[in-house]
Each structure stands twice: as structure tokens, then as C-alpha cells.
Amino acid sequence: MAGRERLICAASELPEQGRGVRFELSRSGQQQAAFVVRFDGRPRAFLNQCGHVPVELDWQEGEFFDHSRSRLYLICSTHGALYHPASGQCVGGRCAGRGLIPVPVVERDGHVYVMEDQ
Ligand code: FES
């Protein structure tokens, strides 16, 4: 199915391993909660849904990285499942191998766009 790009935010709103931006995504005819963060210089987006129980991850709006100094992983605020921010792969905790679902995003001309269903 062909998709269309929709603006999420300015690229400057996504500092490296910093606060993320929540957005709604049209997917298979349904609105779903999603988020985007910046990791390793690129925007990375996923459905905002833990692999353990389908609840949203952020403990405070936009706070997706773990609370350690290195902020290496995305963390679920409910029971602490950890996910790799590049792939969404489960790296520890109750996600038990179930990763986050990636969402395609692009950064262009200072803005970040999501590709969603028509
Ligand atoms: S709901 Fe996310 S770790 Fe349990």
C-alpha cells in the first residue's frame, strides 16, 4: 500500500539520546500511539507499546531513555523492560524477547516525517 509523509516535528526537537516526541500514527486504518527519539544521529520511531503488556512506555511524556548517565536504552516505565534504541530489540526485563515495533521515519530539510497509510 502506498503511504504518505506527515510532519512529526522539527529535527531540532530531538536531541541525541534526549527527550522524544509522541505522535499519533495511522496504521492499518487505526490511530496508534507512537514516538520518535534520536539515537546515533538518526531519528528512531516505534509504536508506543511495550512488548510485555501493551501499555505506553514513557513515565513522563517524552522520557523514553533509561535514567542512567549513559542513557543507552529505551525503558518501559511500568516494569522496566529495556529496548535497544536503534532496533527496538528487547535487551532485558519482562519484554522476554518481544521488541518494539518500528515505524518508518525520515529526516529532511530540518524536519522529521513519518510514513503512514493513505
Ligand atoms: S508493561 Fe512494560 S515491562 Fe511490563
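**Starting from Glu24**

Let's begin with one residue and its neighbours: setting aside anything up to four places away in sequence, Glu24 touches Arg6, Gln31, Gln32, Ala33 and Glu116. Keep in mind that this is a predicted model. Glu24 belongs to strand β2, which covers residues 21-27. Is its side of the story buried or exposed? Neither label quite fits: with a relative accessibility of 42%, Glu24 counts as partly exposed, because that class takes in whatever falls between the 20% limit for buried and the 50% limit for exposed. For a sense of distance, try Ile75 as a partner: Glu24 and Ile75 are 51 residues apart in sequence, and their C-alpha atoms are 20 Å apart in space.

Now zoom out to the whole chain. How many helices and strands does the protein have? The tally is 0 helices and 10 strands, so the pattern along the sequence reads β-β-β-β-β-β-β-β-β-β. The radius of gyration comes to 13 Å, close to the 13 Å that the globule rule gives for 118 residues, so the protein is as compact as a globular protein of that length. If you'd rather think in terms of a box, the C-alpha trace spans about 35 × 30 × 20 Å along its principal axes.

What about the contacts that go with this fold? Take those in the protein with a separation of 6 or more: 48% of them are between residues 24 or more positions apart. As for burial, 44% of the 118 residues count as buried. On the outside, the protein exposes about 6300 Å², and carbon and sulfur atoms supply 48% of that area. The charge count is 13 positive and 14 negative side chains, with the centres of the two sets 4 Å apart.

Next, the cysteines. A disulfide is a covalent bond between the sulfur atoms of two cysteines. The count here comes to 1 disulfide. Which residues form it? The pair is Cys90 and Cys95, with their sulfur atoms 2.2 Å apart, and this qualifies because the cut-off is 2.5 Å. The angle about the S-S bond is 70°, and the link of Cys90 and Cys95 is right-handed. Both ends of the bridge fall under the 20% limit for buried: Cys90 has a relative accessible area of 15%, while Cys95 is at 0%. Two other cysteines are worth a look as well. Cys9 is buried at 4% relative accessibility, and Cys50 is buried at 7%.

Finally, a couple of backbone angles that you may want to inspect. Where does Arg71 sit? Arg71 is in the loop between β4 (42-47) and β5 (74-75). Its phi is near 50°, a positive value in a residue other than glycine. Arg71 is partly exposed, since its relative accessibility is 22% and the limit for buried is under 20%.

Ala96 also has a positive phi, of about 45°, although it is not a glycine. This residue is found in the loop between β7 (90-92) and β8 (102-103). Ala96 counts as exposed because its relative accessible area is 58%, and the exposed class takes anything over 50%. Going back to the bridge for a moment, Cys90 lies within the residue range of β7 (90-92), and its disulfide partner is Cys95.

Methods
Residues are numbered from 1 along each chain as its sequence is written. This is a predicted model: local features need pLDDT of at least 70, side-chain atom pairs count only at pLDDT 80 or more; totals for chains, interfaces and linings use all residues. Side-chain values use heavy atoms; hydrogens and water are left out. Helices (H or I, at least four residues) and strands (E, at least two) are DSSP runs, numbered from the N terminus. Buried means under 20% relative accessible area, exposed over 50%, partly exposed in between (1.4 Å probe, protein chains only). Contact means heavy atoms within 4.5 Å. The radius of gyration is taken over C-alpha atoms; the globule rule is 2.2 Å times the number of residues to the power 0.38. Accessible areas come from the Shrake-Rupley method with a 1.4 Å probe; for residues, only the protein chains shown count as cover. Lys and Arg count as positive and Asp and Glu as negative; His and the chain ends are not counted. The place of a charge is taken as NZ of Lys, CZ of Arg, CG of Asp or CD of Glu.
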